[in-house]
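This report introduces the structure shown below. It treats the protein interface, the two DNA strands and some local features in turn.

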There are 2 protein chains.
Amino acid sequence: MQKITLKTIAEKVKVSPSTVSRVIRNDRTCYISKSKKQAILEAVRKLNYAPNFAARNLALGKSSNVAFVLCRLCHIGESGPFTFKILENIQETLRREGYSLSVITIPHDNLNGFREICLSRKLYDGIIFGSGVISEETADIIKNSEIPKIVVDDNSPFLENIPRVITDKEEGITSAISYLKKMGHRKIAFYGHSTSMLELFRKAMINNELSFDKKLDFRFSSGNIYELMFDAYVNATLVLENLSKFTGVFCANDFVALGLIQRLTEKKIKVGSEISIIGFDNIEELLNVPEDERFLTTIHKPREKMGEETAELLLKMMKNGRMRNRAKKLPCRLIIRKSTGYCKGGDEK
Amino acid sequence: MQKITLKTIAEKVKVSPSTVSRVIRNDRTCYISKSKKQAILEAVRKLNYAPNFAARNLALGKSSNVAFVLCRLCHIGESGPFTFKILENIQETLRREGYSLSVITIPHDNLNGFREICLSRKLYDGIIFGSGVISEETADIIKNSEIPKIVVDDNSPFLENIPRVITDKEEGITSAISYLKKMGHRKIAFYGHSTSMLELFRKAMINNELSFDKKLDFRFSSGNIYELMFDAYVNATLVLENLSKFTGVFCANDFVALGLIQRLTEKKIKVGSEISIIGFDNIEELLNVPEDERFLTTIHKPREKMGEETAELLLKMMKNGRMRNRAKKLPCRLIIRKSTGYCKGGDEK
DNA sequence: CTGTTAGCGCGTTCAA
DNA sequence: TTGAACGCGCTAACAG
């Protein structure tokens, strides 16, 4: 089978390869006569021509390839649909600009390999770092590389000085607490497993001038995300035993909230009226629960937007060779559903 | 910053670029004098040289890129650590041969795009199809493409005639049932959500000349893998209410088994002595549970091996242009842990 | 054992 | 508005 190249098209239409190239690339700097342009596009379609990317990249001196780096591939599985929503949008945004995305891992037992493969070689035009625990040593390698890079949805201390796209969780949680306060709630408990979320909750309570009673915080340790909902269900006794002490519960994430709600419902406690529950992540949307069946009031993290922003910032950096923004913080959005309502036995405002 | 190319090295060592190329590629067809080889490798190291892949690919007429295709990226998240174990091994095997792997999705709203991007263009040298639901239309596109391709861990009816690497689940389950039978169990229930697993269980019972009592099968519908363990815990009443009817339970997968065990343990039923439970997937290993803490007797699916085999078969096909094996079926392995034991009140053998 | 040479297919001058 | 010519960096065939 004969290879279809620019030359093939050129010969067929009786123009030069460069003219064909200009048409293919939609080159704005020089105008091509309508008739030739039509003929070329026609031939391209007919012969099913597609450019050779290796040749194009060689000529342009780039790889048209971007790396998405994680510590372990499994990590992406553990964070479930979260990371994927971001990844999908990064991929799509890059694709539109002719870049492909490779998901790779940091080989913890071979940091030199990582250095060579990802950073010094021209295998990738840019690198995106996903969330995950990275060592200080790895971070040093990353920082010292010349390649355009960006961090998404992560707050590793070691990657501090690299441009990043993150969300304003504190503001999101503060608005959630503010909403509960407006609904008459004063005593709000934290239920979950994450110390970082607990800290954000504490700040949000302070931001709302509500007292943060440590006695209302429940924690448990969970090995992985798969067991989270389950753990929340099992540990719900912690909530049940203290029901008189609060009217609202802020859960570290939606899985935790769903597990808790299940247990409360079994105990005939009406979530939404007798007690208000807020989660974090808008997991019902990610899990494709039909819109009218979604129940949980939650804080939506703009993952699509994060993906797009990340890709766009990186594209700019790859074009200009300089970083634009130190950190782009995207707002979270409170989504009010049926798991919250007016506080019946609560304090007045 | 000056670009380091073959030529740079060649000039520095005072040899020709092709000699350098031969050393870099470790070309077995021609021997290079020790002294020159040493000098070249030394210079490569010092100047931190790395080959330009675009140039290499252009010269070789290939992309050195393989696609791993899924319907949606989220799918990989939903199947959790399962697919990743395979993916990691595919990636590693391909990497050793100089190929990189791109994880891509089938854009369900743009099949022509899929056709063009993945199949007719030379963007990928080969394609690996992961598990997931694909339409007949998509399958047709795939079948009609010239590109070397392989299916892994999937049994879509539409991709029937494409080479594949799968596991022999039936044989695995049969050996599990056989083991239970040897331990004195005669009445074994199926607990789970998957009709395909139920069918395999049925066959395995028949293979072991055990009667398959439909009354012992429990099912529930689950939206996604995250809720599976939880669902299994909640639905365990189905098992509890019928305890007298069986001595062993085969669970559709390990998450289901773990949820069930949790509930049984709460009810003071001793798993392993009073009742035997077998799962499927060896999830405790995937979740990095320490070896001595693993409890569940399960059927191990050789994911590492599947990844390697898949990559190796594809590499062969890319080299020879022909498919070698229609279907490679890898054996599963029964792993006996503490959740199973002798049947105390069971029939004699 | 090693160097010379001729492409791989495309983008981009520079002329016309 | 278009074409000719060169080069991107590498591999492979051929010649020594």
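## The interface between the chains

No salt bridges are found across the interface of chain B and chain A, a salt bridge being a side-chain nitrogen of Lys or Arg within 4 Å of a carboxyl oxygen of Asp or Glu. The rule does find two residue pairs in polar contact across the interface of chain B and chain A, both at pLDDT 80 or more. A polar contact is a pair of N or O atoms within 3.5 Å; within protein, one must be able to donate a hydrogen and the other to accept it, and residues adjacent in sequence count only if both atoms are side-chain atoms. On the side of chain B that touches chain A, at least two residues each are supplied by H4, helix H5 (73-78), helix H6 (81-96), strand E2 (100-105), helix H7 (111-120), helix H11 (228-234) and helix H13 (254-266) of chain B. Helices (H or I, at least four residues) and strands (E, at least two) are DSSP runs, numbered from the N terminus. By class, this side of chain B has 25 nonpolar, 11 polar and four charged residues. Here Ala, Val, Leu, Ile, Met, Phe, Trp, Tyr, Cys and Pro count as nonpolar, Asp, Glu, Lys and Arg as charged, and the others, Gly among them, as polar.

In total, 40 residues of chain B are in contact (heavy atoms within 4.5 Å) with 41 residues of chain A. The two chains bury about 3,900 Å² between them, with 70% of it on carbon and sulfur atoms. Buried area is the accessible area (1.4 Å probe) that two parts lose on being put together, summed over both.

## Basis of the model

This is a predicted model, in which local features need pLDDT of at least 70 and side-chain atom pairs count only at pLDDT 80 or more, while totals for chains, interfaces and linings use all residues. Residues are numbered from 1 along each chain as its sequence is written, chains are lettered from A and ligands numbered from 1 in the order in which they are written, and side-chain values use heavy atoms, with hydrogens and water left out.

## Symmetry of the two copies

A turn of 180° and a shift of 0.1 Å along the axis lay chain B on chain A with an RMSD of 0.3 Å. The two copies are thus related as by a two-fold rotation axis. The superposition is by least squares on the C-alpha atoms of residues with pLDDT of at least 70 in both. Of the interface residues of chain B, 95% are also interface residues in chain A, so the copies meet through the same surface.

## DNA strand D

DNA strand D is surrounded by 26 residues, the closest being A:Thr19, A:Ser33, B:Leu6, B:Ser21 and B:Tyr49; a residue is near a strand if one of its heavy atoms lies within 4 Å of it. By class, this surface has 12 nonpolar, eight polar and six charged residues. Its largest share, four residues, comes from H4(B).

Of the atoms of DNA strand D within 4 Å of the protein, 75% belong to sugar or phosphate and the rest to bases. Polar side-chain atoms lie 2.6 Å from a phosphate oxygen of the strand for A:Ser33 and 3.0 Å from a phosphate oxygen for B:Arg25. A backbone N or O atom of B:Ala55 lies 3.4 Å from a base nitrogen of DNA strand D.

## DNA strand C

Around DNA strand C there are 26 residues, and the closest are A:Leu6, A:Tyr49, B:Ser18, B:Thr19 and B:Ser33. H4(A) gives the largest share of this surface, four residues. Sugar or phosphate accounts for 71% of the atoms of DNA strand C within 4 Å of the protein, and bases for the rest.

A polar side-chain atom of B:Thr19 lies 2.6 Å from a phosphate oxygen of DNA strand C, and one of A:Lys3 lies 3.4 Å from a phosphate oxygen. A polar backbone atom of A:Ala55 is 3.4 Å from a base nitrogen of DNA strand C.

## Local features of the helices

At the N-terminal end of H4(A), A:Asn52 acts as a cap, with a side-chain oxygen 2.8 Å from the backbone nitrogen of A:Ala54. Just after H4(A), A:Gly61 takes a positive phi of about 70°.

Over all chains, the count comes to 23 salt bridges. One of the pairs is B:Glu42 with B:Lys46, whose closest N and O atoms are 4.0 Å apart. Being four residues apart in helix H3 (residues 34-47) of chain B, B:Glu42 and B:Lys46 are separated by about one helical turn.
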